[in-house]
There are 2 protein chains.
Amino acid sequence: MKNSIRRQKLLHAAERLFLCRGFASVSTTDIAREAGCNHALIHYYFGNKEDLFREVFLEKIRQILTTLMNYLEIERPIFEQTDKFIDAYFDLLTANPNLPFFIINELTLNAERRRYLRVNFVDKPITREVYQRVDMMIKKEIEQGNIRPIEPKDLLLDIAGVTVFSFIAVPAYRDFITDDADSLNLFLADRRQEAKLLIRRGLLPL
Amino acid sequence: MKNSIRRQKLLHAAERLFLCRGFASVSTTDIAREAGCNHALIHYYFGNKEDLFREVFLEKIRQILTTLMNYLEIERPIFEQTDKFIDAYFDLLTANPNLPFFIINELTLNAERRRYLRVNFVDKPITREVYQRVDMMIKKEIEQGNIRPIEPKDLLLDIAGVTVFSFIAVPAYRDFITDDADSLNLFLADRRQEAKLLIRRGLLPL
DNA sequence: TCACTTTTTAACAAATTTGTTAAAAATTTT
DNA sequence: AAAATTTTTAACAAATTTGTTAAAAAGTGA
(Lines give C-alpha, C1' and ligand atoms only; values in the text may rest on other atoms or scores of the structure.)
Protein backbone atom coordinates (compact mmCIF):
# COMPACT_ATOMS: atom_id res chain seq x y z
CA MET A 1 0.00 0.00 0.00
CA LYS A 2 2.82 2.43 0.81
CA ASN A 3 4.24 1.86 -2.69
CA SER A 4 0.94 1.71 -4.54
CA ILE A 5 1.13 3.31 -7.97
CA ARG A 6 -1.97 5.37 -7.28
CA ARG A 7 -0.50 6.61 -4.07
CA GLN A 8 2.59 7.75 -6.00
CA LYS A 9 0.43 9.45 -8.61
CA LEU A 10 -1.43 11.28 -5.87
CA LEU A 11 1.83 12.39 -4.29
CA HIS A 12 3.11 13.74 -7.60
CA ALA A 13 -0.12 15.51 -8.38
CA ALA A 14 -0.18 16.99 -4.91
CA GLU A 15 3.41 18.15 -5.19
CA ARG A 16 2.78 19.81 -8.52
CA LEU A 17 -0.33 21.62 -7.34
CA PHE A 18 0.85 22.58 -3.86
CA LEU A 19 4.03 24.01 -5.36
CA CYS A 20 2.06 26.11 -7.83
CA ARG A 21 -0.73 27.31 -5.62
CA GLY A 22 -0.01 26.55 -1.97
CA PHE A 23 -1.91 24.49 0.56
CA ALA A 24 -5.04 26.59 0.90
CA SER A 25 -5.74 27.13 -2.79
CA VAL A 26 -5.63 23.48 -3.76
CA SER A 27 -8.57 21.19 -2.97
CA THR A 28 -8.44 17.44 -2.53
CA THR A 29 -10.73 17.23 -5.54
CA ASP A 30 -8.18 19.14 -7.63
CA ILE A 31 -5.47 16.72 -6.65
CA ALA A 32 -7.62 13.68 -7.34
CA ARG A 33 -8.59 15.04 -10.75
CA GLU A 34 -4.92 15.63 -11.58
CA ALA A 35 -4.10 12.09 -10.50
CA GLY A 36 -7.09 10.69 -12.40
CA CYS A 37 -9.10 9.26 -9.54
CA ASN A 38 -11.79 9.92 -6.99
CA HIS A 39 -10.91 12.27 -4.14
CA ALA A 40 -11.98 9.69 -1.58
CA LEU A 41 -8.73 7.92 -2.40
CA ILE A 42 -6.81 10.72 -0.75
CA HIS A 43 -8.48 9.88 2.51
CA TYR A 44 -7.96 6.22 1.91
CA TYR A 45 -4.22 6.63 1.40
CA PHE A 46 -3.35 9.65 3.51
CA GLY A 47 -6.14 10.14 6.04
CA ASN A 48 -6.66 13.79 5.23
CA LYS A 49 -5.44 16.73 3.18
CA GLU A 50 -3.07 17.97 5.83
CA ASP A 51 -1.27 14.66 6.22
CA LEU A 52 -0.85 14.43 2.47
CA PHE A 53 0.61 17.91 2.46
CA ARG A 54 2.98 17.11 5.29
CA GLU A 55 4.30 14.11 3.40
CA VAL A 56 4.85 16.13 0.21
CA PHE A 57 6.49 18.94 2.13
CA LEU A 58 8.89 16.87 4.20
CA GLU A 59 9.98 14.89 1.16
CA LYS A 60 10.67 18.10 -0.77
CA ILE A 61 12.75 19.55 2.05
CA ARG A 62 14.68 16.32 2.40
CA GLN A 63 15.36 16.35 -1.35
CA ILE A 64 16.69 19.89 -1.25
CA LEU A 65 18.95 19.40 1.73
CA THR A 66 20.38 16.21 0.28
CA THR A 67 21.03 17.84 -3.08
CA LEU A 68 22.73 20.83 -1.51
CA MET A 69 24.79 18.71 0.85
CA ASN A 70 26.29 16.80 -2.03
CA TYR A 71 27.90 20.01 -3.16
CA LEU A 72 29.85 20.45 0.03
CA GLU A 73 33.24 18.80 -0.26
CA ILE A 74 35.37 19.93 2.58
CA GLU A 75 38.75 19.55 0.92
CA ARG A 76 38.33 22.06 -1.91
CA PRO A 77 39.31 25.75 -1.52
CA ILE A 78 36.66 27.94 0.03
CA PHE A 79 35.80 30.16 -2.95
CA GLU A 80 35.47 27.20 -5.23
CA GLN A 81 33.06 25.86 -2.63
CA THR A 82 30.95 29.00 -2.38
CA ASP A 83 30.74 29.25 -6.17
CA LYS A 84 29.64 25.66 -6.46
CA PHE A 85 27.13 26.08 -3.69
CA ILE A 86 25.62 29.11 -5.37
CA ASP A 87 25.46 27.17 -8.64
CA ALA A 88 23.68 24.37 -6.82
CA TYR A 89 21.12 26.84 -5.47
CA PHE A 90 20.54 28.43 -8.85
CA ASP A 91 20.12 25.08 -10.57
CA LEU A 92 17.75 23.86 -7.90
CA LEU A 93 15.65 26.99 -8.12
CA THR A 94 15.66 27.02 -11.90
CA ALA A 95 14.16 23.55 -11.77
CA ASN A 96 11.67 24.56 -9.05
CA PRO A 97 11.03 28.29 -9.33
CA ASN A 98 8.15 28.20 -6.87
CA LEU A 99 10.11 26.56 -4.10
CA PRO A 100 10.66 29.80 -2.15
CA PHE A 101 6.95 30.53 -2.21
CA PHE A 102 6.13 26.98 -1.16
CA ILE A 103 8.51 26.89 1.78
CA ILE A 104 7.95 30.40 3.02
CA ASN A 105 4.24 29.80 2.88
CA GLU A 106 4.44 26.73 5.04
CA LEU A 107 7.01 28.27 7.36
CA THR A 108 4.85 31.29 8.00
CA LEU A 109 1.35 29.87 7.98
CA ASN A 110 1.94 26.77 10.02
CA ALA A 111 4.60 28.00 12.39
CA GLU A 112 2.40 27.78 15.47
CA ARG A 113 0.70 24.57 14.52
CA ARG A 114 4.03 22.92 13.82
CA ARG A 115 5.39 24.10 17.12
CA TYR A 116 2.33 22.83 18.93
CA LEU A 117 2.56 19.44 17.27
CA ARG A 118 6.32 19.42 17.84
CA VAL A 119 6.79 18.60 14.19
CA ASN A 120 9.83 20.37 12.86
CA PHE A 121 9.80 21.04 9.18
CA VAL A 122 13.50 20.43 8.92
CA ASP A 123 15.26 17.14 9.16
CA LYS A 124 17.55 17.95 12.06
CA PRO A 125 20.22 15.33 11.37
CA ILE A 126 20.72 16.54 7.80
CA THR A 127 20.68 20.18 8.80
CA ARG A 128 23.22 19.56 11.52
CA GLU A 129 25.37 17.71 9.01
CA VAL A 130 25.25 20.66 6.59
CA TYR A 131 26.06 23.05 9.39
CA GLN A 132 29.02 21.01 10.59
CA ARG A 133 30.46 20.62 7.12
CA VAL A 134 30.34 24.35 6.56
CA ASP A 135 31.84 24.90 9.98
CA MET A 136 34.80 22.63 9.18
CA MET A 137 35.16 24.20 5.76
CA ILE A 138 35.51 27.78 6.96
CA LYS A 139 37.32 27.17 10.25
CA LYS A 140 40.71 26.52 8.72
CA GLU A 141 40.25 29.24 6.11
CA ILE A 142 39.61 31.73 8.88
CA GLU A 143 42.64 30.49 10.84
CA GLN A 144 44.80 30.82 7.75
CA GLY A 145 43.50 34.36 7.27
CA ASN A 146 41.98 33.60 3.88
CA ILE A 147 38.57 34.91 4.90
CA ARG A 148 37.25 37.09 7.67
CA PRO A 149 35.70 35.49 10.78
CA ILE A 150 32.12 34.46 10.07
CA GLU A 151 29.70 31.96 11.55
CA PRO A 152 28.35 29.10 9.43
CA LYS A 153 24.77 30.25 9.87
CA ASP A 154 25.65 33.69 8.51
CA LEU A 155 27.45 32.31 5.50
CA LEU A 156 24.56 29.95 4.77
CA LEU A 157 21.96 32.69 5.17
CA ASP A 158 23.97 35.17 3.09
CA ILE A 159 24.24 32.72 0.22
CA ALA A 160 20.63 31.62 0.52
CA GLY A 161 19.49 35.23 0.68
CA VAL A 162 21.14 36.52 -2.48
CA THR A 163 20.28 33.44 -4.51
CA VAL A 164 16.73 32.78 -3.37
CA PHE A 165 15.84 36.42 -3.57
CA SER A 166 16.86 36.56 -7.22
CA PHE A 167 14.06 34.12 -7.92
CA ILE A 168 11.57 35.78 -5.63
CA ALA A 169 12.16 38.96 -7.58
CA VAL A 170 11.37 37.37 -10.93
CA PRO A 171 7.65 38.18 -11.00
CA ALA A 172 8.41 41.76 -10.07
CA TYR A 173 11.15 41.94 -12.66
CA ARG A 174 8.69 40.74 -15.26
CA ASP A 175 6.60 43.83 -14.67
CA PHE A 176 9.43 45.89 -16.06
CA ILE A 177 10.58 43.99 -19.06
CA THR A 178 9.01 42.79 -22.21
CA ASP A 179 8.16 39.31 -21.25
CA ASP A 180 10.52 37.02 -23.09
CA ALA A 181 12.39 34.02 -21.79
CA ASP A 182 15.77 35.18 -23.09
CA SER A 183 15.79 38.37 -21.10
CA LEU A 184 14.74 36.44 -18.01
CA ASN A 185 17.53 33.92 -18.46
CA LEU A 186 19.97 36.74 -18.92
CA PHE A 187 18.75 38.32 -15.72
CA LEU A 188 19.24 35.08 -13.81
CA ALA A 189 22.67 34.46 -15.34
CA ASP A 190 23.68 37.97 -14.26
CA ARG A 191 22.36 37.40 -10.79
CA ARG A 192 24.30 34.18 -10.52
CA GLN A 193 27.56 35.97 -11.32
CA GLU A 194 26.75 38.82 -9.01
CA ALA A 195 25.94 36.42 -6.16
CA LYS A 196 29.27 34.67 -6.52
CA LEU A 197 31.14 37.96 -6.65
CA LEU A 198 29.33 39.43 -3.67
CA ILE A 199 30.00 36.39 -1.50
CA ARG A 200 33.63 36.09 -2.60
CA ARG A 201 34.44 39.71 -1.85
CA GLY A 202 32.15 39.88 1.14
CA LEU A 203 34.20 37.15 2.80
CA LEU A 204 37.63 38.66 2.21
CA PRO A 205 39.57 39.80 5.26
CA LEU A 206 40.46 43.46 5.41
CA MET B 1 -18.17 56.91 1.37
CA LYS B 2 -14.48 56.54 0.46
CA ASN B 3 -13.56 57.84 3.90
CA SER B 4 -16.30 56.10 5.84
CA ILE B 5 -15.10 54.93 9.24
CA ARG B 6 -16.48 51.46 8.64
CA ARG B 7 -14.63 51.25 5.38
CA GLN B 8 -11.40 52.12 7.21
CA LYS B 9 -12.11 49.52 9.86
CA LEU B 10 -12.63 46.91 7.18
CA LEU B 11 -9.38 47.89 5.51
CA HIS B 12 -7.46 47.57 8.76
CA ALA B 13 -9.05 44.25 9.63
CA ALA B 14 -8.32 42.96 6.15
CA GLU B 15 -4.71 44.10 6.32
CA ARG B 16 -4.17 42.43 9.68
CA LEU B 17 -5.69 39.15 8.56
CA PHE B 18 -4.26 39.01 5.04
CA LEU B 19 -0.79 39.70 6.43
CA CYS B 20 -1.12 36.88 8.96
CA ARG B 21 -2.76 34.26 6.83
CA GLY B 22 -2.71 35.25 3.16
CA PHE B 23 -5.53 35.80 0.70
CA ALA B 24 -6.86 32.27 0.42
CA SER B 25 -7.03 31.47 4.14
CA VAL B 26 -9.03 34.53 5.11
CA SER B 27 -12.77 34.68 4.44
CA THR B 28 -14.86 37.80 4.03
CA THR B 29 -16.77 36.67 7.10
CA ASP B 30 -13.52 36.61 9.09
CA ILE B 31 -12.74 40.16 8.05
CA ALA B 32 -16.25 41.40 8.80
CA ARG B 33 -16.17 39.77 12.25
CA GLU B 34 -12.80 41.41 12.96
CA ALA B 35 -14.23 44.77 11.87
CA GLY B 36 -17.41 44.22 13.86
CA CYS B 37 -19.96 44.20 11.07
CA ASN B 38 -21.84 42.06 8.59
CA HIS B 39 -19.85 40.60 5.71
CA ALA B 40 -22.27 42.06 3.18
CA LEU B 41 -20.61 45.39 3.92
CA ILE B 42 -17.47 44.20 2.22
CA HIS B 43 -19.39 43.88 -0.99
CA TYR B 44 -21.07 47.17 -0.39
CA TYR B 45 -17.78 49.02 0.00
CA PHE B 46 -15.37 47.03 -2.15
CA GLY B 47 -17.40 44.98 -4.59
CA ASN B 48 -15.70 41.71 -3.77
CA LYS B 49 -12.97 40.06 -1.77
CA GLU B 50 -10.38 40.40 -4.50
CA ASP B 51 -10.86 44.13 -4.93
CA LEU B 52 -10.55 44.59 -1.18
CA PHE B 53 -7.33 42.60 -1.25
CA ARG B 54 -5.94 44.60 -4.11
CA GLU B 55 -6.58 47.85 -2.26
CA VAL B 56 -4.86 46.54 0.89
CA PHE B 57 -1.95 45.19 -1.10
CA LEU B 58 -1.25 48.23 -3.22
CA GLU B 59 -1.41 50.50 -0.20
CA LYS B 60 1.05 48.31 1.67
CA ILE B 61 3.50 48.31 -1.22
CA ARG B 62 3.19 52.07 -1.58
CA GLN B 63 3.89 52.46 2.13
CA ILE B 64 7.03 50.34 1.95
CA LEU B 65 8.48 52.01 -1.11
CA THR B 66 7.84 55.45 0.32
CA THR B 67 9.43 54.54 3.64
CA LEU B 68 12.50 53.08 1.98
CA MET B 69 12.88 55.96 -0.42
CA ASN B 70 13.08 58.43 2.42
CA TYR B 71 16.30 56.75 3.44
CA LEU B 72 18.03 57.48 0.17
CA GLU B 73 19.84 60.79 0.37
CA ILE B 74 22.13 61.08 -2.57
CA GLU B 75 24.70 63.38 -1.00
CA ARG B 76 25.92 61.11 1.80
CA PRO B 77 28.83 58.69 1.34
CA ILE B 78 27.90 55.34 -0.13
CA PHE B 79 28.58 53.08 2.83
CA GLU B 80 26.69 55.32 5.15
CA GLN B 81 23.86 54.98 2.66
CA THR B 82 23.94 51.20 2.45
CA ASP B 83 24.06 50.91 6.24
CA LYS B 84 21.10 53.21 6.60
CA PHE B 85 19.19 51.38 3.92
CA ILE B 86 19.77 48.04 5.65
CA ASP B 87 18.64 49.57 8.92
CA ALA B 88 15.51 50.79 7.20
CA TYR B 89 14.78 47.30 5.93
CA PHE B 90 15.37 45.72 9.31
CA ASP B 91 13.15 48.23 11.07
CA LEU B 92 10.43 47.82 8.51
CA LEU B 93 10.51 44.04 8.77
CA THR B 94 10.69 44.08 12.55
CA ALA B 95 7.46 46.05 12.52
CA ASN B 96 5.91 43.74 9.86
CA PRO B 97 7.54 40.33 10.13
CA ASN B 98 5.04 38.72 7.78
CA LEU B 99 5.61 41.16 4.96
CA PRO B 100 7.86 38.81 2.95
CA PHE B 101 5.27 36.07 3.11
CA PHE B 102 2.52 38.47 2.15
CA ILE B 103 4.31 39.90 -0.87
CA ILE B 104 5.85 36.69 -2.14
CA ASN B 105 2.46 35.06 -1.87
CA GLU B 106 0.80 37.65 -4.02
CA LEU B 107 3.72 37.86 -6.43
CA THR B 108 3.69 34.14 -7.02
CA LEU B 109 0.02 33.26 -6.89
CA ASN B 110 -1.33 36.10 -8.92
CA ALA B 111 1.45 36.58 -11.41
CA GLU B 112 -0.57 35.42 -14.40
CA ARG B 113 -3.79 37.05 -13.37
CA ARG B 114 -2.03 40.33 -12.80
CA ARG B 115 -0.32 40.12 -16.13
CA TYR B 116 -3.55 39.35 -17.88
CA LEU B 117 -5.31 42.25 -16.23
CA ARG B 118 -2.29 44.45 -16.85
CA VAL B 119 -2.28 45.38 -13.21
CA ASN B 120 1.25 45.76 -11.97
CA PHE B 121 1.72 45.27 -8.30
CA VAL B 122 4.38 47.93 -8.14
CA ASP B 123 3.89 51.61 -8.39
CA LYS B 124 6.14 52.26 -11.38
CA PRO B 125 6.82 55.95 -10.77
CA ILE B 126 8.03 55.30 -7.22
CA THR B 127 10.09 52.29 -8.26
CA ARG B 128 11.71 54.24 -11.05
CA GLU B 129 12.48 57.04 -8.61
CA VAL B 130 14.17 54.59 -6.22
CA TYR B 131 16.11 53.08 -9.07
CA GLN B 132 17.32 56.44 -10.34
CA ARG B 133 18.36 57.65 -6.91
CA VAL B 134 20.45 54.54 -6.39
CA ASP B 135 21.87 54.94 -9.86
CA MET B 136 23.01 58.49 -9.14
CA MET B 137 24.31 57.45 -5.76
CA ILE B 138 26.63 54.74 -7.02
CA LYS B 139 27.64 56.23 -10.36
CA LYS B 140 30.09 58.75 -8.94
CA GLU B 141 31.38 56.30 -6.35
CA ILE B 142 32.19 53.86 -9.12
CA GLU B 143 33.89 56.59 -11.17
CA GLN B 144 35.95 57.61 -8.17
CA GLY B 145 36.94 53.98 -7.67
CA ASN B 146 35.38 53.77 -4.22
CA ILE B 147 33.33 50.73 -5.15
CA ARG B 148 33.42 48.15 -7.89
CA PRO B 149 31.12 48.51 -10.94
CA ILE B 150 27.61 47.28 -10.06
CA GLU B 151 24.16 47.92 -11.44
CA PRO B 152 21.48 49.49 -9.25
CA LYS B 153 19.22 46.46 -9.58
CA ASP B 154 21.97 44.20 -8.27
CA LEU B 155 22.73 46.40 -5.32
CA LEU B 156 19.05 46.65 -4.47
CA LEU B 157 18.51 42.91 -4.80
CA ASP B 158 21.65 42.07 -2.82
CA ILE B 159 20.55 44.26 0.06
CA ALA B 160 16.95 43.06 -0.08
CA GLY B 161 18.12 39.46 -0.24
CA VAL B 162 20.32 39.40 2.83
CA THR B 163 17.91 41.43 4.92
CA VAL B 164 14.59 39.91 3.92
CA PHE B 165 15.99 36.42 4.12
CA SER B 166 17.02 36.94 7.72
CA PHE B 167 13.35 37.31 8.55
CA ILE B 168 12.20 34.50 6.33
CA ALA B 169 14.59 32.25 8.22
CA VAL B 170 13.14 33.13 11.60
CA PRO B 171 10.57 30.32 11.78
CA ALA B 172 13.23 27.80 10.78
CA TYR B 173 15.67 29.30 13.26
CA ARG B 174 13.05 28.86 15.97
CA ASP B 175 13.12 25.12 15.41
CA PHE B 176 16.68 25.09 16.68
CA ILE B 177 16.64 27.34 19.67
CA THR B 178 14.76 27.43 22.89
CA ASP B 179 12.03 29.79 22.00
CA ASP B 180 12.71 33.03 23.80
CA ALA B 181 12.43 36.54 22.46
CA ASP B 182 15.91 37.58 23.63
CA SER B 183 17.68 34.98 21.59
CA LEU B 184 15.61 35.92 18.56
CA ASN B 185 16.44 39.59 18.96
CA LEU B 186 20.08 38.72 19.31
CA PHE B 187 19.88 36.69 16.12
CA LEU B 188 18.35 39.59 14.24
CA ALA B 189 20.83 42.11 15.65
CA ASP B 190 23.64 39.81 14.50
CA ARG B 191 22.13 39.48 11.07
CA ARG B 192 21.84 43.25 10.78
CA GLN B 193 25.54 43.66 11.44
CA GLU B 194 26.46 40.83 9.10
CA ALA B 195 24.31 42.29 6.33
CA LYS B 196 26.03 45.66 6.60
CA LEU B 197 29.44 44.05 6.61
CA LEU B 198 28.73 41.78 3.68
CA ILE B 199 27.45 44.61 1.53
CA ARG B 200 30.28 46.97 2.49
CA ARG B 201 32.98 44.48 1.66
CA GLY B 202 31.11 42.99 -1.24
CA LEU B 203 31.15 46.39 -2.92
CA LEU B 204 34.85 47.13 -2.47
CA PRO B 205 36.96 47.29 -5.63
CA LEU B 206 39.80 44.82 -5.86
C1' DT C 1 -41.52 66.16 11.12
C1' DC C 2 -41.12 63.94 6.83
C1' DA C 3 -39.24 62.57 2.64
C1' DC C 4 -34.92 61.06 0.95
C1' DT C 5 -30.42 59.01 1.00
C1' DT C 6 -26.93 56.25 2.95
C1' DT C 7 -25.47 52.52 5.79
C1' DT C 8 -26.19 48.08 7.74
C1' DT C 9 -28.17 43.71 8.47
C1' DA C 10 -30.68 39.26 8.14
C1' DA C 11 -31.94 35.78 5.22
C1' DC C 12 -31.09 33.32 1.43
C1' DA C 13 -28.81 30.88 -2.62
C1' DA C 14 -25.36 28.57 -5.18
C1' DA C 15 -21.01 26.62 -5.24
C1' DT C 16 -17.26 24.42 -3.12
C1' DT C 17 -14.84 21.88 0.29
C1' DT C 18 -13.54 18.12 3.36
C1' DG C 19 -14.70 13.99 4.86
C1' DT C 20 -17.66 9.47 5.45
C1' DT C 21 -19.68 5.25 3.98
C1' DA C 22 -21.49 1.54 1.68
C1' DA C 23 -20.96 -0.88 -2.16
C1' DA C 24 -18.79 -1.89 -6.67
C1' DA C 25 -14.64 -3.36 -9.07
C1' DA C 26 -10.30 -5.34 -9.20
C1' DT C 27 -6.84 -8.22 -7.38
C1' DT C 28 -4.98 -11.94 -4.68
C1' DT C 29 -5.27 -16.20 -2.20
C1' DT C 30 -6.84 -20.71 -1.47
C1' DA D 1 -13.63 -20.82 -9.45
C1' DA D 2 -14.85 -19.29 -4.92
C1' DA D 3 -13.54 -16.72 -1.06
C1' DA D 4 -11.11 -13.12 0.88
C1' DT D 5 -8.79 -8.91 0.51
C1' DT D 6 -7.59 -4.60 -1.44
C1' DT D 7 -8.60 -0.70 -4.27
C1' DT D 8 -11.82 2.54 -6.12
C1' DT D 9 -15.96 4.94 -6.77
C1' DA D 10 -20.61 7.11 -6.30
C1' DA D 11 -23.53 9.21 -3.27
C1' DC D 12 -24.17 11.72 0.51
C1' DA D 13 -23.64 15.05 4.55
C1' DA D 14 -22.11 18.95 7.05
C1' DA D 15 -19.70 23.05 7.01
C1' DT D 16 -17.98 26.99 4.78
C1' DT D 17 -17.59 30.46 1.35
C1' DT D 18 -18.78 34.22 -1.75
C1' DG D 19 -22.14 36.89 -3.20
C1' DT D 20 -27.19 38.83 -3.67
C1' DT D 21 -31.23 41.14 -2.13
C1' DA D 22 -34.84 43.12 0.24
C1' DA D 23 -35.71 45.49 4.06
C1' DA D 24 -34.46 47.63 8.48
C1' DA D 25 -31.86 51.27 10.75
C1' DA D 26 -29.50 55.46 10.84
C1' DG D 27 -28.56 59.84 9.17
C1' DT D 28 -29.65 64.36 6.47
C1' DG D 29 -31.82 68.27 4.59
C1' DA D 30 -35.99 70.80 3.70
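This is a short chat about the contact between chain A and chain B and about the surface near DNA strand D in a predicted model.

Reader: What kind of model is it, and what pLDDT do local features need?
Author: It is a predicted model, where local features need pLDDT of at least 70, side-chain atom pairs count only at pLDDT 80 or more, and totals for chains, interfaces and linings use all residues. Residues are numbered from 1 along each chain as its sequence is written, chains are lettered from A and ligands numbered from 1 in the order in which they are written, and side-chain values use heavy atoms, with hydrogens and water left out.

Reader: How many residues does the contact take from chain A and from chain B?
Author: 49 residues from chain A and 49 residues from chain B, with contact meaning heavy atoms within 4.5 Å.

Reader: And what area do they bury between them?
Author: About 4,500 Å², with 65% of it on carbon and sulfur atoms. Buried area is the accessible area (1.4 Å probe) that two parts lose on being put together, summed over both. On chain A, the trio A:F165, A:D175 and A:R201 supplies 14% of what that chain buries against chain B, more than any other three residues.

Reader: How many salt bridges between chain A and chain B?
Author: Six, a salt bridge being a side-chain nitrogen of Lys or Arg within 4 Å of a carboxyl oxygen of Asp or Glu. One pairs B:R191 with A:D158 (2.9 Å, N to O).

Reader: Which helix supplies the largest share of the side of chain A that touches chain B?
Author: Helix 9 of chain A, with 10 residues. Helices here are DSSP runs (H or I, at least four residues), numbered from the N terminus.

Reader: Switching to DNA strand D. Which residues come nearest?
Author: A:N38, A:Y44, A:Y45, B:T28 and B:K49, out of 17 residues around the strand. A residue is near a strand if one of its heavy atoms lies within 4 Å of it.

Reader: Which part of the strand is within 4 Å of the protein, bases or sugar and phosphate?
Author: Of the strand D atoms within 4 Å of the protein, 58% belong to sugar or phosphate and the rest to bases.

Reader: What lies 2.9 Å from a phosphate oxygen there?
Author: A polar side-chain atom of B:K49. For the side chain of B:H43, an N or O atom is 3.2 Å from a phosphate oxygen of strand D, and for A:R6 the distance is 3.4 Å.

Reader: Which helix gives the most to that surface?
Author: Helix 3 of chain A, with four residues.

Conventions
Helices (H or I, at least four residues) and strands (E, at least two) are DSSP runs, numbered from the N terminus. A polar contact is a pair of N or O atoms within 3.5 Å; within protein, one must be able to donate a hydrogen and the other to accept it, and residues adjacent in sequence count only if both atoms are side-chain atoms.
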